Amino acid sequence: MTDSSCLSAGSARPFVLIVSHQLTGHLAPMIRIAAALHARGWETFFLGPTAHRHRIEAAGAVFFPLRDDADLNDKAYYENPPLQDYASLHWAERVLIDLRKQCLEPLPTQWSCFKDALLSLQARDPARGVILLAEAFFYGVLPLFYGAKIPDGVPTKKIVGSTCISVTVPAIRSIDLPPAGYPFPFDPSPEGRARNARLWERSWERKARHLTALLNTTMREAGASRDINEIFLSGANYTCHETILQLGVPSFEYPRSDWPLGFKFAGLVQGPPKSPSQTNSIPADPQISWWSDLVSNSAIDTLSHNSSDKKPRKKVIVVAQGTVEINPHDLIIPTLRAFASRDDVYVVAILGWKGASLSGYDVEIPSNARIADYLSYDAALAHADVWIHNAGFGAVNHGIANGVPMVVAGEGMDKTENARRVAWTGIGVDLGCAQPSAEQVREGVERVLQDEQFTKRVRELQQESKDIDCFGMIHDELLRIAEAHPGLKQRGLELESS
């Protein structure tokens, strides 16, 4: 632990300015981090989308708004996508569109909003420094490291240091891995590394060329004086920071040989609180009419074998699709149908948005189904035997944090990479598609329930997560920066001098 005797909570510490990509899956862990830092006495400020203002302020952070094209509402984005034929495109094409529309085109506006936030912090207390806590896919701070000027009236040394928080599998180039999304296994052999190099330099360089060019264009528009000079998604948005704190556990990630300097696994923000300091309070039971069914079912395990009230405990299957793939026909409805005739099972379906409903969809709700529009994954998984989802990184980590083996069916963004890692680590079954049939779902679940190795393995990773104090590690990193004042390292200068 860092000696914090001279940095007790309050005015002695720098402000913490948090920035994050606007998708819910990126925001949610950053908001948990904001709440934990607020509880530890840090004055936190959060530059985020207006659709999530209430959640951010509820975490104790002061909200700074993104605006115009940077103020993305992800629910509206996916309900009304940027192209008319978006839904019919292959997932890899949709990812390229999303990266352009969500990350790169809004970069100049994000940078402008970031500068406004610095001005606000300078006005609030000219003597206080700022630590930048940046989620990796908020590209709007990259100009800071490539020669762009901060606003007049804000001292150059106002930002005393920066740390990157990675809330997805790390999109950092490695000699041991192909580019993200390519269907090749982890292979660090000389032959594998040669293959990876070919894929990076020949295939991905061509596919990503327009994004690489757009990044440099928008960087220059924002005031950067230097290009990034690497293929898009090689990791500049991570390595510009002195430290990279990767959410997750080491065993879920391929053991690459070339992690960048300052890279550390930071454990999980998901799961029940490990100590009172991590959250303001332990959440109460959800106010859902059927919640007592799950609680009573779980209580059966605590009854004596000789109890006259002892009934067979039902298996609990929890299914969710996250906040991006919002058509329940993808995964939720196939799961309901897969177990509709089973009276030894509860299927808990979480629709992902407040007010969401299955009315209007061609589905009959089985008697063993329990439907929630919006529900804490951790609350539901405390009672679960199997966790079905579409392989979002956060959903995977919820499963690990609660020790629940999983069945995954996902494509797009980082979901393909996450699904492969679920199978590689042995914590669940990858169905290899985004829209499985009811039979595929049923077979995947039966495989998990019949093979105890899945549960054994996911509980090993759960223990690994318990051994890492995520919020404590972030807190200590901020204390280190507050004491050392490392500042910001300008990137790309070595190319100018060569």
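Aromatic rings are a good place to start in this predicted model: the count comes to 17 aromatic pairs. One of them is F45 with F64, whose ring centres sit 5.7 Å apart with the planes at 20°, so the pair is stacked. F45 belongs to strand β2 and F64 to strand β3 (residues 62–65), so the pair ties together parts that are 19 residues apart in sequence. Are these two residues buried or exposed? F45 is buried, since its relative accessible area is 1%, and F64 is buried too, at 11% relative accessibility. Elsewhere, F137, Y139, F232 and Y238 come together as one aromatic cluster.

**Charged partners**

Next, the charges. Side chains of opposite charge can pair when their charged atoms come close. How many salt bridges does the structure hold? The number is 24, and here are three of them, with the N to O distance for each.

| Salt bridge | N to O distance |
|---|---|
| R128 and E43 | 3.0 Å |
| D227 and R220 | 3.0 Å |
| R480 and E477 | 2.7 Å |

Take the R128 and E43 salt bridge. This pair links distant parts of the chain, with the two positions 85 residues apart: R128 is in the loop between α5 (107–124) and β4 (130–135), while E43 is in the loop between α1 (24–39) and β2 (44–48). R128 has a relative accessible area of 8%, so it counts as buried. E43, at 31% relative accessibility, is partly exposed. Recall that F45 lies in strand β2, the strand that follows the loop holding E43.

In the D227 and R220 salt bridge, both partners have some surface showing. D227 counts as partly exposed at 26% relative accessibility, and R220 is partly exposed as well, with a relative accessible area of 41%.

The R480 and E477 salt bridge is a local affair. Where do these two residues lie? Both are in helix α16 (residues 470–484), three residues apart, which is about one turn of the helix. Their surroundings are not alike: R480 is partly exposed, with a relative accessible area of 27%, whereas E477 is buried at 4% relative accessibility. These two also belong to a wider network of salt bridges, in which they are linked with E242 and K264.

**Polar contacts away from the surface**

Some buried residues have polar partners. D176 is found in the loop between β5 (159–166) and α6 (190–207). At 1% relative accessibility, D176 counts as buried, the cut-off being under 20%. So what does the side chain of D176 meet there? A polar contact of 2.7 Å joins it to the side chain of R193.

S465 is another case. This serine lies in helix α15 (residues 452–466) and is buried, with 3% relative accessibility. A polar atom of the S465 side chain lies 2.6 Å from the backbone oxygen of Q462.

**A pocket to look at**

Rolling a probe the size of a water molecule over the atoms shows where empty space is left. The second largest pocket has a volume of about 470 Å³. Its lining is made up of 19 residues, and those nearest its centre are Y86, A87, R94, E325 and D330. Which element gives the largest share of that lining? Helix α4 (residues 91–104) does, with four residues. By character, the lining of the second largest pocket divides into eleven nonpolar, three polar and five charged residues.

**Two backbone angles**

Last, a couple of backbone details. A391 has a phi near 70°, a positive value in a residue other than glycine. A391 is in the loop between β11 (386–389) and α12 (393–402), and it is buried, with a relative accessible area of 0%.

H485 also has a positive phi, about 50°, although it is not a glycine. Where does H485 sit? Its place is the loop between α16 and α17 (493–497), and α16 is the helix that holds R480 and E477. Unlike buried A391, H485 counts as partly exposed, at 47% relative accessibility.

How values were computed:
Residues are numbered from 1 along each chain as its sequence is written. This is a predicted model: local features need pLDDT of at least 70, side-chain atom pairs count only at pLDDT 80 or more; totals for chains, interfaces and linings use all residues. Side-chain values use heavy atoms; hydrogens and water are left out. Buried means under 20% relative accessible area, exposed over 50%, partly exposed in between (1.4 Å probe, protein chains only). A polar contact is a pair of N or O atoms within 3.5 Å; within protein, one must be able to donate a hydrogen and the other to accept it, and residues adjacent in sequence count only if both atoms are side-chain atoms. A salt bridge is a side-chain nitrogen of Lys or Arg within 4 Å of a carboxyl oxygen of Asp or Glu. On a 1 Å grid over the protein atoms alone, a cavity is a set of points where a 1.4 Å probe fits but cannot get out, and a pocket is an open set with protein on both sides within 12 Å along at least five of seven lines; lining residues have an atom within 4 Å of a point. Grid points are joined across faces, edges and corners, and a volume is the space filled by probe spheres set on the points. Ala, Val, Leu, Ile, Met, Phe, Trp, Tyr, Cys and Pro count as nonpolar, Asp, Glu, Lys and Arg as charged, and the others, Gly among them, as polar. Rings of Phe, Tyr and Trp (its six-membered ring) pair if their centres lie within 6.5 Å; planes under 30 degrees apart count as stacked, over 60 as edge-to-face and the rest as tilted.
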